[in-house]
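Hi,

Here is the structure I promised to pass on. Have a look at it first, and then read my notes below.

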Amino acid sequence: MGSLERVHPVPPPGPLAYGGTKLINDARHPFRAPGRNDIRGPCPALNALASHGYINHNGIVRPSEIVAAVMEGFNMENSVAVFTTYAAFLVDGNLITDKISIGQSTPRTGPRPPRPATAGGFNTHNTFEGDTSMTRLDAHLGDNHNFNEKLFQGFIEYSKKYGGGKYNLTVASEYRFKRFQDSIATNSEFSIVAPRFYTAYADAVLPVNLWVDGRQDDGQLDLEVARIFFEDGRFPHDFHRAARPTGTDNEIVLFEDHPIEPGRNVKGVNTYKPDYSTPQKLDDKCLQYTYHVNHTVPSLYPNPKGPLLESLKINMGYLFSAIKNTGCEEIFPYGK
């Protein structure tokens, strides 16, 4: 990354002062469609936040701004927002400039880091974006970051079959498992290991937890609202955020309904083999943190120096701050 001066990372904000529901699609945050040079990506929630001005409309943002926005716009619980954002930023963001793209790699986040890291944004495959998305194709099969109508029709079918026409936890459990099975059967390059193994379950429960209007607060997502988020990347008219700070609650329920081991297809379709290196406990954030900082991040930054090393240490500290009150031990793979 040459001699580029490091931008000191901004610490993540703390919890919201007011944790109840409130109008989010308001006069100060109208929808503005992305322009030709604006970036959107595989996360519908981030797309909506950008298009309503809760984060930079161009899709280039600091991780601290993402934390603030997902709390304000969706009432995501603070520790979940910090953990998820900084886990992603450490592998997909530019640690020198403190910027990340919510979609594809772009020079607007700054020069690329040394290989094998990419600072490739949220489109980077098999980090937080990955196979078995509910509304995006697997990367090996085509466009992995734009809405896919055929997959959404499957989402609708399962919502009618298991949810009485609504998307709820029962539907999430069945459709999450179906998408796993689809990828095993159709994607010769299918892989579902850390960190994607964890985000796949989060992707399935967050629409139930955070996209249902806070005044409704019943865990039953209307299919038209789901389409507005998934396809249009915007907030529904008069949308009020969740009634209380919420995170990835009940993802363990989905896993227990249909347990699947992390792994990959090894010799073409239907050759799924477990990968026991990925910790399987979805409800153990300490274990996930330990694996991420000991394995995932060092695999991308094996020998960082100078400003890059300092930024890695600081951002790893921000990641740990999300779980510091759980009894988890802080790890320093690059020294203190």
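Let me start with a spot in the backbone: aspartate 98 sits in the loop between α3 (78–92) and β2. Keep in mind that this is a predicted model. Phi of aspartate 98 is near 60°, a positive value in a residue that isn't glycine. Its relative accessible area is 1%, so aspartate 98 is buried, the cut-off being under 20%.

Asparagine 126 also has a positive phi without being a glycine, and here the angle is near 70°. You'll find asparagine 126 in the loop between β2 and α4. Is asparagine 126 buried or exposed? Neither: its relative accessibility is 26%, and it counts as partly exposed because that category runs from 20% to 50%.

Why flag these angles at all? Because most residues other than glycine have a negative phi, and most peptide bonds are trans.

That brings me to the cis bonds. The peptide bond from arginine 115 to proline 116 is cis, with omega near 10°. Proline 116 belongs to the loop between β2 (100–101) and α4 (149–163), and asparagine 126 is placed in the loop between β2 and α4 as well.

Another cis peptide bond links alanine 194 to proline 195, with omega at about 0°. Proline 195 is in the loop between β4 and α6. Alanine 194 is in the loop between β4 (191–192) and α6 (196–210). With a relative accessibility of 11%, alanine 194 counts as buried, since the limit is under 20%.

What does alanine 194 touch, once residues up to four places away in sequence are set aside? The partners are Thr278 and Tyr291. If you want a distance to check in your viewer, the C-alpha atoms of alanine 194 and glycine 268 are separated by 21 Å, and the two residues are 74 apart along the chain.

Next, a look inside a helix. Phenylalanine 152 is part of α4 and is buried, with a relative accessible area of 1%. Leaving out neighbours within four places in sequence, phenylalanine 152 is in contact with Thr135, Phe147, Leu223, Ala226, Arg227 and Phe230. Tyr291, the residue that alanine 194 touches, has its C-alpha atom 33 Å from that of phenylalanine 152, with their positions 139 residues apart along the chain.

Now for the whole chain. It has ten helices and seven strands. Its radius of gyration is 19 Å, close to the 20 Å from the globule rule for 336 residues, so the chain is as compact as a globular protein of that length. The C-alpha trace spans about 55 × 55 × 45 Å along its principal axes.

A few totals you may want for setup:

- Buried residues make up 54% of the 336 residues.
- Of the contacts with a separation of 6 or more, 69% are between residues 24 or more positions apart.
- The accessible surface is about 14200 Å², and carbon and sulfur atoms account for 52% of that.
- There are 34 positive and 37 negative charges, and their mean positions are 5 Å apart.

As for annotation, an unreviewed UniProt entry gives "domain: Heme haloperoxidase family profile" for residues 27–254. In the model, that span is 43% helix and 4% strand, and its end C-alpha atoms lie 37 Å apart.

Over to you!

Technical notes
Residues are numbered from 1 along each chain as its sequence is written. This is a predicted model: local features need pLDDT of at least 70, side-chain atom pairs count only at pLDDT 80 or more; totals for chains, interfaces and linings use all residues. Side-chain values use heavy atoms; hydrogens and water are left out. Helices (H or I, at least four residues) and strands (E, at least two) are DSSP runs, numbered from the N terminus. The radius of gyration is taken over C-alpha atoms; the globule rule is 2.2 Å times the number of residues to the power 0.38. Buried means under 20% relative accessible area, exposed over 50%, partly exposed in between (1.4 Å probe, protein chains only). Contact means heavy atoms within 4.5 Å. Accessible areas come from the Shrake-Rupley method with a 1.4 Å probe; for residues, only the protein chains shown count as cover. Lys and Arg count as positive and Asp and Glu as negative; His and the chain ends are not counted. The place of a charge is taken as NZ of Lys, CZ of Arg, CG of Asp or CD of Glu. UniProt positions are given in the numbering used here, feature names are shortened, and annotations may be inferred rather than shown by experiment.
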